[in-house]
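Q: Please choose one part of this model and look at it closely, residue by residue. I would then like to know how that part sits within the rest of the chain.

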Amino acid sequence: MRAVLLHELIHLRRRDVWVNFLQALLQIVYWWHPLVCANARIGASAKKPWMTPVMLALRDEAEAYAPTLLEVAGWR
């Protein structure tokens, strides 16, 4: 769970919640615009850069990071 908490703390520090909120508003208003649709798809790949700081913080436990995220994602 430490990996998941670090992951979420990095999202909070980077203010990703507000960025996602604004993107969601744009998608609601401009749902028909192709650039807004493309931006929604790009958002999924935006998580990749945040993995590095978490892995550095975990050090010896970094190997468990990806499997932990996959496990937690399966809880939905």
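**Helix H1 and its partners**

A: Once its neighbours within four places in sequence are set aside, Leu6 is in contact (heavy atoms within 4.5 Å) with Val54, Ala57 and Leu58. This is a predicted model, in which local features need pLDDT of at least 70 and side-chain atom pairs count only at pLDDT 80 or more, whereas totals for chains, interfaces and linings use all residues. Residues are numbered from 1 along each chain as its sequence is written, and side-chain values use heavy atoms, with hydrogens and water left out.

Leu6 belongs to the largest nonpolar core, whose 7 residues are Ala3, Leu6, Ile10, Val54, Leu58, Ala62 and Tyr65. Such a core is a set of buried Ala, Val, Leu, Ile, Met, Phe, Trp, Tyr and Cys residues joined through side-chain atoms within 4.5 Å, where buried means under 20% relative accessible area, exposed over 50% and partly exposed in between, with a 1.4 Å probe and protein chains only. Two elements give two or more residues to this core, namely helix H1 (2–13) and helix H4 (48–58), and H1 gives the most, with 3 residues. Helices here are DSSP runs of H or I with at least four residues, and strands are runs of E with at least two, numbered from the N terminus. In soluble globular proteins, nonpolar side chains tend to be buried together.

Arg2 also lies in H1, but with 44% relative accessibility it counts as partly exposed. Apart from neighbours within four places in sequence, Arg2 is in contact with Ala57, Leu58 and Glu61. The C-alpha atom of Arg2 is separated by 9.6 Å from that of Thr68, although the two residues are 66 apart along the chain.

Thr68 appears again where H1 meets helix H5 (residues 65–73): Ala3, Val4 and His7 in H1 meet Tyr65, Thr68, Leu69 and Val72 in H5. The axes of these two helices, which are lines fitted to C-alpha atoms over the stretch in contact, with angles from 0 to 180 degrees between N-to-C directions, come within 9 Å and cross at roughly 85°. H1 and H5 are therefore roughly perpendicular to each other, since angles from 65 to 115 degrees fall in that class, while those under 35 count as roughly parallel, those over 145 as roughly antiparallel and the rest as oblique. On the H5 side, Val72 is partly exposed at 22% relative accessibility, and its C-alpha atom is separated by 9.1 Å from that of Met1, 71 residues apart along the chain.

In the loop between H1 and H2 sits Arg15, which has a positive phi of about 60° although it is not a glycine. Arg15 is exposed, with a relative accessible area of 57%.

As for the whole protein, there are 5 helices and 0 strands, and 18% of the 76 residues count as buried. Of the contacts with a separation of 6 or more, 66% are accounted for by residues 24 or more positions apart. The mean pLDDT, the predictor's confidence in each residue from 0 to 100, is 78 for the protein, and 83% of the residues reach 70 or more. Among the elements, helix H2 (residues 16–29) has the highest mean pLDDT, at 85, and helix H3 (residues 34–45) the lowest, at 69.
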